[in-house]
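User: I've got a model open and want to check the labels people put on it. Can we go through them one at a time, with the criterion next to the value?

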Amino acid sequence: MNPMRFDAAFIEQFAALIGWRRDVRRFRRDALPEEVVEDLLRLAQMAPSVGNSQPWRFVRIRSADLRETLAAHADAEVAKAGKAISEDRRALYSGLKLHGLREAPEVMAVFCDDATGAGGGLGAATMPEARAYSVVLAIHTLWLAARAQGIALGWVSIVEPSFVAGLLDVPQGWRLVALLCLGLPEEEADVPELERLGWQDRLDWRDHVSER
Ligand SMILES: Cc1cc2nc3c(=O)[nH]c(=O)nc-3n(C[C@H](O)[C@H](O)[C@H](O)COP(=O)(O)O)c2cc1C
């Protein structure tokens, strides 16, 4: 088969993959095989990027101390953010689990290297943020590739980027885009956890499209 011609069954499965991709915070502790993680990173490298600059930098957290420091920091930021939540949502918020940094077998910090010379600056002059968008696409590529193999991903953003960059001692100019937790999910779901818990439903796509 011409690999550029995907058949109807694949197209249906791809839609199912998108429908069943979830942000997961509840992980089993089973380790992920190293070759599987490396394969996900290899696929992420194929993501589109401004000027083909590939500005993503994945830092795999191997140290138990660093992981615990990150988890404790996230807990503190979750508590801090809770103070700004409106009264009517506060009880719901306190029941949310917003990271799986202690349980997930694989934790990565993903940075954007704004100083990269790759791509020669093409496309980034007018929109420097296009580099960070590129990093998001690499994460999304990894997310779908992981999910296709039954591996769940949880995106953690409730952290202070400068704290994480300092803790991980990354080069100047690397901007934190995400902390990622990866592992086998405790459960499968085709509905987002925040929707299931009554925090936020999925909105109608038609309301997000306009014409001029
Ligand atoms: C940029 C970004 C940041 C996010 N940050 C967090 C986070 O800090 N903690 C969390 O539990 N989920 C986080 N999420 C996951 C969202 O809550 C989740 O994607 C959304 O509720 C929809 O659920 P779904 O991904 O399962 O479809 C984040 C997602 C994105 C794209």
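User: What makes this an open sheet, and in what order do the strands come?

Analyst: Keep in mind that this is a predicted model. The four strands line up as S1-S2-S4-S3, with antiparallel pairing. S1 (56–60) and S3 (152–156) are the edge strands: each has a single partner strand, so one side of each has no neighbour in the sheet. On average, neighbouring strands are turned by 30° against each other, direction ignored.

User: How do you know that S3 and S4 really pair?

Analyst: Pairing takes at least two bridges between the strands. S3 and S4 (residues 174–183) have five and run antiparallel, so they count as a pair. For one bridge to look at, take Leu 153, whose partner in S4 is Leu 182.

User: Which helices sit against the sheet, and at what angles to S4?

Analyst: H5 (residues 130–148) packs on it, touching S1, S2 (106–113), S3 and S4, and its direction makes about 5° with that of S4. H6 (residues 161–168) lies across S1, S2 and S4, at about 80° to S4.

User: Why is Val 164 called buried?

Analyst: The cut-off is 20 or more other C-beta atoms within 10 Å. Val 164 has 22, so it's buried. This residue belongs to helix H6. Leaving out residues up to four places away in sequence, Val 164 touches Leu 70, Ala 109, Val 159, Leu 176 and Leu 179. Leu 179 is 15 residues from Val 164 in sequence, with 9.1 Å between their C-alpha atoms.

User: And how much of the chain is buried?

Analyst: Buried residues are 26% of the 212.

User: How do you know that the chain's radius of gyration agrees with a compact globule?

Analyst: For 212 residues the globule rule gives a value near 17 Å, and the chain has 18 Å, which agrees. Along the principal axes, the C-alpha trace spans about 50 × 45 × 45 Å. As for contacts between residues at least 6 apart in sequence, 85% join residues at least 24 apart.

User: What is the pattern of helices and strands along the sequence?

Analyst: There are seven helices and four strands, and reading along the chain you get α-α-β-α-α-β-α-β-α-β-α.

User: Last one: what surrounds the ligand, and how do the classes split?

Analyst: The residues around the ligand are Arg 22, Asp 23, Arg 25, Leu 98, His 99, Trp 155, Val 156, Ser 157, Ile 158, Pro 192 and Leu 194. By class, that shell has six nonpolar, two polar and three charged residues.

Definitions and conventions: Residues numbered from 1 in each chain as written. Predicted model: local features only at pLDDT ≥ 70, side-chain atom pairs only at ≥ 80, totals over all residues. Near = placed C-beta within 6 Å. Nonpolar A, V, L, I, M, F, W, Y, C, P; charged D, E, K, R; others polar. Helix = DSSP H or I, 4+ residues; strand = E, 2+ residues; numbered from the N terminus. Rg over C-alpha atoms; globule rule 2.2 N^0.38 Å. Buried ≥ 20, exposed ≤ 12 C-beta atoms within 10 Å, placed from the backbone. Contact = placed C-beta atoms within 7 Å. Axes fitted to C-alpha atoms, helices over the stretch in contact; angles between N-to-C directions.
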